[in-house]
Amino acid sequence: MRTRLLLLCPLISLMPLPASAGPAGSDVLVDFLSIPGSAGLGAIQRRAYSPYRGAAVSQDLVPLYMYEGKQVYLHATRAGWKLSERAEHDLEVFVDYRFEGFPADQTPPLLQGMARRNAGVDVGIAYRKRKSWGNLDVEVLHDANNASHGTEARLGYSLDLQNGRLHLRPSVAIARRSANLNNYYYGVRASEARADRPAYLPGSGVDWTASLYGYYELSQRWRLLGGIGVTRLSDGVRHSPVVEDKLQPNAMVGAAYDFGSHKPYSEPGLPLHLKIYGGRATECNFLPAATFRCGSTRTPDDTRIWGFDVGRPLVERVNGWPLDFVGYIGVQLHDERGRAADRVQLDAQIKAYYYGFPWSAAVRTRVGFGAGFSMAQRVPLVELQDQARRGRDTSRFLNYLDPSLDVSVGDLLGSKRFKETYLGIGISHRSGIFGASQILGNINGGSNYLYGYIEAKM
């Protein structure tokens with residue numbers, strides 16, 4: 001088998017190092033998909049052994065929302081800003097999800113009675129160097145949500161290999177973790193100590209990770225993804241009374257679709273989509289509401305939403321079809337009608353629009369479906385109440401779905417001026433993925449709001 005080294009472009013090579021002292025982050029695969037000026041969707045199933053004693057093997061579904069801009073990128077759990085980009089090296093700042101913490105589904109007996117250790121969000125800065133002899137990655141991360149107050153420095157080396165449609169990336173990495181980080185996740189506080197769980201602080205330490213990730217090109221757009229890795233925790237962590245003293249293996253498999261090249265998101269003259277909307281909560285489930293089998297907005301609290309989205313085209317007329325993809329970011333205000341403090345929600349999504357109906361030449365009609373993430377300032381009241389009735393947890397960070405149906409105002413009025421202005425209805429949907437995704441808090445449930453909107457290209 002003939003194998004050749006690849007000096008991949010900087011956008012491809014922005015591969016984050018695996019998260020140490022825990023399951024490797026799923027986003028290590030995303031950069032295998034990223035070509036200059038592309039967007040994509042997919043999913044990865046992670047399987048990892050928890051370092052905690054008595055914890056079951058974790059299964060985690062991670063949705064992949066990918067966008068590769070000239071300066072801004074989204075790689076599944078990581079979003080970043082490229083401060084500089086050259087042929088062989090670049091510098092970036094980013095935020096990323098940390099896959100650590102107590103098991104979300106079932107707490108082992110040894111951990112019961114301890115304050116919960118939650119997964120976190122890090123902010124970081126990274127330097128990447130690309131040469132013919134391989135890739136060098138340096139990252140420094142710090143806890144952004146004040147859970148551990150910890151810091152981690154990572155150094156990694158990887159090599160890109162290709163044979164036909166098969167692309168592989170073996171890598172090794174070391175991670176220097178601060179005492180705050182290790183003590184939070186793997187320490188036992190004095191107030192938590194008991195006979196089988198003495199007080200213990202592991203302190204700072206160095207973890208080692210070896211991994212192999214890759215993808216296989218099924219077609220020009222579809223790719224199968226996979227990876228395996230193993231991490232050796234630092235001596236201090238492995239000697240903790242709540243940690244298994246053994247190597248931490250992990251594996252993942254998934255698939256993704258790359259929409260291909262598009263104009264840079266910030267290119268001058270690229271249309272700006274502006275959408276303004278308002279709506280009410282509904283007790284209808286998502287599928288009945290999306291298929292027009294349920295449309296009642298009569299709820300006990302009559303909570304409402306108001307918001308706006310701003311978007312730019314990602315891909316127009318995919319493969320010549322009447323199908324466009326648009327990337328949106330938006331702000332949504334939850335009006336809790338005096339029953340709780342109002343709250344703000346931030347949404348980001350990639351949305352597909354299909355407009356190939358027989359009557360679209362006379363009145364353009366679009367069916368849209370958006371998918372992405374939603375971060376709430378505080379969990380909306382309707383979710384708090386619904387999840388409390390079911391005895392389930394809540395999460396500020398959830399999956400976001402946005403199906404919609406609209407028509408051209410210009411076609412309705414016979415005015416070319418408003419040809420690209422649309423009037424429509426939609427559903428603002430927040431939920432977990434049936435409790436199967438750690439990044440979404442393993443939440444089973446969420447909320448639905450029916451809304452009306454007007455959207456214009458500017």
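Trainee: Which residues of helix 4 (residues 381-390) are buried?

Mentor: In this predicted model, the buried residues of helix 4 are Leu381, Glu383, Asp386 and Gln387. Just after helix 4 comes Gly391, with a positive phi of about 70°.

Trainee: What do the buried residues of helix 4 pack against?

Mentor: They pack against strand 18 (343-354), strand 20 (397-408), strand 21 (421-431) and strand 22 (446-457). Contact here requires heavy atoms within 4.5 Å.

Trainee: What makes strand 21 "mostly covered"?

Mentor: Buried means under 20% relative accessible area. Nine of the 11 residues of strand 21 are buried, so the strand is called mostly covered.

Trainee: How do you know that strand 20 and strand 21 pair, and in which sense?

Mentor: Pairing needs at least two bridges. Strand 20 and strand 21 have eight, in the antiparallel sense, so they count as a pair. Asn399 stands opposite Ser431 of strand 21.

Trainee: And how many bridges join strand 21 to strand 22?

Mentor: There are 11 bridges between strand 21 and strand 22, and these strands also run antiparallel. With at least two required, they therefore pair as well. Ser428 has Tyr449 in strand 22 as its bridge partner.

Trainee: Why is Ile454 called partly exposed?

Mentor: Ile454 has 41% relative accessibility. Buried would be under 20% and exposed over 50%, so Ile454 falls in between and counts as partly exposed. This residue belongs to strand 22.

Trainee: What makes Ile454 eligible for the nonpolar surface patch?

Mentor: A patch member must have over 30% relative accessible area, and Ile454 has 41%, so that condition is met. The patch covers about 860 Å², and Ile454 shares it with residues including Trp306, Phe308, Leu333, Leu346 and Leu423. Two or more of the patch residues come from each of strand 16 (304-315), strand 17 (323-335) and strand 18.

Trainee: Turning to the interior, which residues have the most contacts inside the largest nonpolar core?

Mentor: That core has 14 residues, and those with the most contacts inside it are Tyr52, Leu111, Met114, Tyr185, Tyr186, Val242 and Val243. Its largest share, four residues, is from helix 1 (residues 179-186). Apart from this core lies another one of 11 residues, among them Tyr257, Phe259, Val318 and Ala352.

Trainee: What does Val243 touch, leaving out residues up to four places away in sequence?

Mentor: Val243 touches Pro51, Tyr52, Arg53, Tyr186, Leu233, Val237 and Arg238. Tyr52 and Tyr186 are listed with Val243 among the core residues with the most contacts.

Key: Residues numbered from 1 in each chain as written. Predicted model: local features only at pLDDT ≥ 70, side-chain atom pairs only at ≥ 80, totals over all residues. Heavy atoms only, no water. Core = buried A, V, L, I, M, F, W, Y, C linked by side-chain atoms within 4.5 Å. Buried < 20%, exposed > 50% of the residue type's maximum accessible area, 1.4 Å probe, protein only. Patch = residues over 30% accessible without salt bridge, like charges linked within 9 Å, V, L, I, M, F, W, Y side chains within 5 Å. Areas by Shrake-Rupley, 256 points an atom, 1.4 Å probe, with all protein chains shown as cover. Salt bridge = Lys/Arg side-chain N within 4 Å of Asp/Glu carboxyl O.
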